[in-house]
Amino acid sequence: MLVVNGLVKRFGGFTAVNNVSFKVDKGEILGLIGPNGSGKSTIFNMLSGTFPPSAGSISFEGRELAGLAPHRIINAGVGRTFQIPRPFKRLTIFENVALAGFYGQGSHSSAKAQEAAERALAMVGLPTDRTAPVDGLGAAGLKKLELAKALATAPKLLLADESLGGLDESEMDQAADMLRKIRDELGITIIWVEHIMGVLMRVVDRVMVLDHGEKIAEGLPSKVVSDPRVVEVYLGTDAHSTQAAAAAAEARR
Amino acid sequence: MTLRPTSLNLIAGLVLIALPFVYRDPYHLHILILILIWSFAYTSWAVMGRFGLVSLGHGGFMGVGAYVTVLLWNHFGLSPWLGIPIALACAGLLALVVAYPCFRFRITGHYFALVTLALSGIVLQVITATRNHTGGSLGITPERTKGSHIWALQFDDKIVWYLIALGVWAGGLLIWSWIDRSMGRYAMEAISEDEDAAAAAGVNVTAQKLRITVISALMTAMAGAIYAQYQMFISPDTVSGIGISLQMVFAAVVGGIYVALGPTVGAIITILLAEVLRIGFGTKAVGWDNLVYGVLLVVFIIFLPKGILGSLLSSISTRSKRQNG
């Protein structure tokens with residue numbers, strides 16, 4: 001469904017992403033991991049059109065997305081969430097999501113947008129009444145709102161950016177289950193960028209590991225966590241988290 | 001605040017229409033007409049200003065509306081009925097030319113305000129540089145018609161002008177409430193908070209900002225054209241230039257830019273203030289109103305950012321909530 005080929009992004013003399021190629025199949029959840037500054041967010045920003053790639057192609061269902069404006073990419077069916085939730089505080093929760101439902105689906109009908117908003121809010125478990133303000137939401141609620149906004153745009157591919165930062169353990173599990181539910185029930189393909197490896201490994205079908213802007217490993221979670229290069233660059237000498245991740249990968253089989 | 005065709009609005013409308021037939025004092029009618037025209041101009045500014053698009057160049061759009069209409073009439077004998085649409089088209093085009101690069105390359109906030117400030121300076125320069133045609137800083141008078149008053153849009157009867165100004169003002173409020181109830185308002189609110197997040201919701205940020213800017217520019221040019229036809233005299237000081245641009249910002253902010261009638265309240269306050277100073281102190285007070293404006297603007301931005309009407313309405317609504325709850 002998504003074929004990325006030779007993706008490069010340079011900022012001045014610094015190469016943030018260097019010749020990264022990968023594929024995403026319809027209906028899978030691809031995990032994207034790597035240490036800070038490894039180029040995960042840069043790849044996301046290119047996929048979602050925040051900035052154009054310096055080189056390479058992004059083909060989505062046979063259509064070239066590289067260099068398109070963000071709203072065109074959304075309308076082509078690629079939704080995104082932000083690492084730090086970015087709600088519109090002057091609008092209500094419902095209006096936030098209805099806005100995404102309206103413009104994300106090509107501004108056709110506001111009735112359709114409201115339906116989409118109700119479905120998205122119900123899916124993530126937020127109130128569907130029209131007047132609830134954004135102010136009342138905590139960290140977990142804001143993440144849900146972020147997800148609801150992305151879902152209301154009716155994506156075929158969802159780019160979920162580090163959706164678990166700032167949550168406690170049970171909230172993390174719920175959020176991970178939510179992404180899986182979104183895939184299972186709505187048939188939405190997902191690329192998930194995440195720091196917290198254990199939770200990610202439990203849910204994803206495949207993992208891709210980045211370091212210094214390059215792809216260093218790709219494959220099944222159980223294989224990737226035992227790859228020595230991955231252990232070295234991503235997990236470092238912290239053997240505890242390696243074991244935890246390996247255990248998590250083991251547990252899901 | 002939205003304007004619905006409630007019975008209250010209907011009654012207020014009828015009272016305003018009936019007013020000049022009952023009360024005919026020409027001076028007071030003149031003040032009312034000025035208040036209506038300027039209310040419309042300030043509303044036009046606030047249509048985009050309320051979304052954080054602070055333009056310091058709307059005098060430019062007003063000047064284009066006024067000067068193009070008058071010049072077409074004086075030099076080509078073209079009726080304002082045709083001249084005004086052409087003037088509006090010119091202002092819309094000017095808005096596109098100035099705003100598109102700003103929005104495309106994400107010039108926002110203070111930098112956008114500075115670009116628009118340059119715009120009103122440029123329009124002023126063009127008017128003074130082409131003084132052989134425009135009369136320069138001395139101003140210009142539309143030639144008195146020898147034929148049909150309707151064709152020339154020149155009326156001696158203040159009641160006619162009052163009704164025209166009332167209609168234009170009401171039209172401005174309708175446009176405001178139309179925007180207020182549309183999805184476009186959500187999009188603009190979202191853009192004013194976070195452009196990237198708005199784009200991620202599928203909003204075409206550049207197109208939405210251009211749309212609201214062009215609507216605002218067209219309305220402002222209309223205000224300029226109506227002002228020219230009513231006053232039968234325009235000069236850079238009265239319809240263009242930086243002074244007028246700043247006056248629009250000031251009056252709209254004082255009245256309140258987040259409520260439909262806020263700019264109207266701003267017009268009432270500023271025009272009454274100018275008149276009181278003019279009558280009370282005569283020529284000694286020339287320029288005092290600007291001094292008072294400046295001081296008040298600082299006070300308002302710090303203490304009453306919602307403006308007079310906005311603060312009043314929100315204090316009423318919190319009080320009624322408290323009583324209900």
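User: The expected span of a helix is 1.5 Å times one less than its number of residues. How far apart are the end C-alpha atoms of helix 3 of chain B?

Analyst: This is a predicted model: local features need pLDDT of at least 70, side-chain atom pairs count only at pLDDT 80 or more, and totals for chains, interfaces and linings use all residues. Residues are numbered from 1 along each chain as its sequence is written, while chains are lettered from A and ligands numbered from 1 in the order in which they are written. Helices (H or I, at least four residues) and strands (E, at least two) are DSSP runs, numbered from the N terminus. For the 19 residues of helix 3 (residues 58–76) of chain B, the expected 27 Å agrees with the end-to-end C-alpha distance of 26 Å.

User: How many residues of helix 3 of chain B are buried?

Analyst: A residue is buried if 20 or more other C-beta atoms, placed from the backbone, lie within 10 Å of its own; 12 or fewer makes it exposed, and anything in between partly exposed. The rest of the structure largely encloses helix 3 of chain B, because its buried residues number 14 of the 19.

User: Which residue just after helix 3 of chain B takes a positive phi?

Analyst: The phi is about 65 degrees. The residue is B:Gly77.

User: What is the radius of gyration of chain B?

Analyst: The radius is taken over C-alpha atoms, and the globule rule is 2.2 Å times the number of residues to the power 0.38. Chain B has 16 helices and zero strands. With 325 residues, a compact globule would come out near 20 Å, and chain B agrees at 20 Å.

User: Which helix supplies the largest share of the side of chain B that touches chain A?

Analyst: Contact means C-beta atoms, placed from the backbone, within 7 Å. Chain B gives 15 residues and chain A gives 22 residues. Helix 9 (183–193) and helix 10 (195–200) of chain B each supply at least two residues of the chain B side. The largest share, six residues, comes from helix 9 of chain B.

User: Is strand 3 of chain A largely enclosed or open?

Analyst: On one side, A:Ile29, A:Gly31 and A:Ile33 are buried; on the other, A:Leu30 and A:Leu32 are buried. Five of the five residues of strand 3 (residues 29–33) are buried, so the strand is largely enclosed.

User: Which residue of strand 9 of chain A stands opposite A:Leu32?

Analyst: Strands pair if DSSP finds at least two bridges between them. Strand 3 of chain A runs parallel to strand 8 (residues 189–193) of chain A over four bridges. Strand 3 and strand 9 of chain A also pair in the parallel sense, over four bridges. There, the residue opposite A:Leu32 is A:Met208.

Terms used: Two residues are in contact if their C-beta atoms, placed from the backbone, lie within 7 Å.
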